[in-house]
Amino acid sequence: MSHVFPRHCHATLPTAVAGDGCYLIDTQGKRYFDASGGAAVSCLGHSDETIKNAIKDQVDQLAFAHTGFFTSEPAEALADLLIANAPEGIDRVYFVSGGSEAVEAAIKLARQYFLEVGQTERRHLIARRQSYHGNTLGALAAGGNAWRRAQFDPLLIGVSHIAPCYEYAEREEGESLADYGQRAADELEAEILRLGPETVMGFIAEPVVGATLGAVPAVEGYFARIREICDRYGVLLILDEVMCGMGRTGHLFACEGEGVRPDIVTIAKGLGAGYQPVGAMLCSGAIYDAIAKGTGFFQHGHTYIGHPVATAAGLAVVRQMLERDLPARVRALAPLMERALRDRLGQHEHLGDIRGRGLFWGVELVADRGTKAPFDPSRKLAGRIKTEAMARGLICYPMPGTRDGRNGDHVLLAPPFIMEDDEAALIADRLGDAIEAALA
Ligand code: PMP
């Protein structure tokens, strides 16, 4: 009997024993093409020698030094590299161990910033429905997935939620893309005015929505309007790039591709590429300066922030990303991925939508193409697709709808940037077979 506390108590999972490029291998020697990088983590595959060597060298050199006493060379070098390539105005990096920690740090930093500048009433956060920002209590409070929050609601901080920018389900017939984008963004202004602008500290959103909706980019113009509204009311714009950042959408920071400048941005997953647990919260110089000139320290911290081995891995990842210009490779692979998915699934009677950016794609399935009605959750379609895909040697990331009836089951794809051109068809074929078997 296993003593590991698993995600699903009754699931019997294969044991992964090795990684080889885009593949994971189990104890039976079965090879699985990792088309979701777990959950958008393994962007450089599973056996990158450069990253492995960077980790080994760092362990030999210095495994740990507490950030209360020391900084370290890899943390400094990674921060420099990130800032040199970060969106305009972003000037400081706060390292953490994962995505939820990055979001927690972002929320607390926003609150402390307003205390430092004397706007003490600003404590309210606005987020979007059908969103995911992590599983710790603050990050879960920010998330707008009603099902994930339900049993913990009494423990969560108050956050209000507006609609996501989710064109497939929310754009009305006859409404132009531009009008829809403005309408969706204007919900933020209405919510700020409802709460009172002097009480709102921040708005958090993913530039491209990952886990809850399945690689949904906003329509053009949406984020420009969001930025305008945040500026008008002095609200901080927090962009959560834990899943869509670090090259995934074809840009090191996804917000560059979406044409929006954040005040705070969170990254994780692809930063360590699965080789180490590492994330970061980056903020503007203005926010940092307010704290430096005020109390002088951010009232936050974890034992493993800025861990030398984790940041050494992150440094090796980001260096490769830049030296090999992997975001450009991702942009080149994007149309191949889209074509392969449309060829294999475009005509399927239950295909609702195919959307994405770079190597970040979502396939949404619906019971009825005309009405876009999702499948009944009792059908557990996402879980069945996962099982059928694994049987066919494919790792993808199927997720059920958020169970509010607005969005259906979808499959998220986030393959490694090192995949070959013809592997787009392999992914689409295995996924198509798995979906058909799950629906049968
Ligand atoms: N934010 C986003 C956008 C995410 O996709 C995730 C993880 N799926 C998180 C935060 C939380 O990250 P972690 O699981 O590393 O805590």
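1. Which helix does Met390 lie in? Met390 belongs to helix H14, residues 381-391. This is a predicted model, so local features are read only at pLDDT of at least 70.

2. Is Met390 buried or exposed? Neither label fits: Met390 counts as partly exposed, because 17 C-beta neighbours lie inside 10 Å. A buried residue would need 20 or more. Beyond the residues up to four places away in sequence, Met390 touches Tyr32 and Ile395. Cys283 is 107 residues from Met390 in sequence, and the two are 39 Å apart in space, C-alpha to C-alpha.

3. Ile395, one of those contacts of Met390, also appears in a strand pairing. Ile395 in S15 is the bridge partner of Asp34. The pairing is between strand S3 (residues 31-34) and S15; two bridges join them, and they run parallel.

4. S3 and S15 are part of an open sheet of four strands. The order is S1-S2-S3-S15, and the pairing is mixed. S1 and strand S15 (394-395) stand at the edges; each has a single partner strand, so one side of each has no neighbour in the sheet.

5. At the other end of that order comes the S1 and S2 pair. Strand S1 (residues 16-20) and strand S2 (residues 23-26) are antiparallel, with four bridges. Ala18 has Ile25 in S2 as its bridge partner. S1 and S2 form a hairpin with two residues between them. Gly21 sits in the turn and has a positive phi of about 60°.

6. A second open sheet needs its own entry. What is the order of its four strands? The order is S13-S14-S17-S16, with antiparallel pairing. Strand S13 (351-357) and strand S16 (397-399) are the edge strands, each pairing on one side only. From one strand to the next, the twist averages 15°.

7. Within that sheet, look at S14 and S17. Strand S14 (residues 360-365) and strand S17 (residues 410-413) run antiparallel and are joined by four bridges. Val363 stands opposite Val411 in S17. Helix H13 (residues 326-345) packs on the sheet and touches S13 and S14. The direction of H13 makes about 175° with that of S13.

8. Now the domains. The chain is divided into domain 1 (16-47 + 325-439) and domain 2 (52-323). Their centres, taken over C-alpha atoms, are separated by 25 Å. The contact takes 35 residues from domain 1 and 32 residues from domain 2.

9. Which elements give two or more residues to the side of domain 1 that touches domain 2? They are helix H1 (37-40), H13, S13, S14 and S17. By class, this side of domain 1 has 17 nonpolar, nine polar and nine charged residues. Two of the elements named, S13 and S14, are also those that H13 touches in its packing on the sheet.

10. Next, strand S4 (residues 90-96). S4 is mostly covered, with six of its seven residues buried. S4 pairs with strand S12 (residues 279-284) in the antiparallel sense, over six bridges. Tyr94 has Met281 in S12 as its bridge partner.

11. Gly98 follows in the loop between S4 and H4. Gly98 is buried, because 20 other C-beta atoms lie within 10 Å; the cut-off for buried is 20 or more. Leaving out residues up to four places away in sequence, Gly98 touches Ala268, Pro277 and Gly279. Asp20 is 78 residues from Gly98 along the chain, and their C-alpha atoms are separated by 24 Å.

12. Gly98 leads to the ligand. How many residues surround the ligand? The count is 15, and the closest are Gly98, Gly99, Ser100, Val242 and Met243. Helix H4 (residues 99-116) gives the largest share of this shell, three residues. The shell divides into seven nonpolar, six polar and two charged residues.

Methods. Residues numbered from 1 in each chain as written. Predicted model: local features only at pLDDT ≥ 70, side-chain atom pairs only at ≥ 80, totals over all residues. Near = placed C-beta within 6 Å. Nonpolar A, V, L, I, M, F, W, Y, C, P; charged D, E, K, R; others polar. Pairing = 2+ DSSP bridges. Axes fitted to C-alpha atoms, helices over the stretch in contact; angles between N-to-C directions. Contact = placed C-beta atoms within 7 Å. Buried ≥ 20, exposed ≤ 12 C-beta atoms within 10 Å, placed from the backbone. Domains from an automatic or database assignment.
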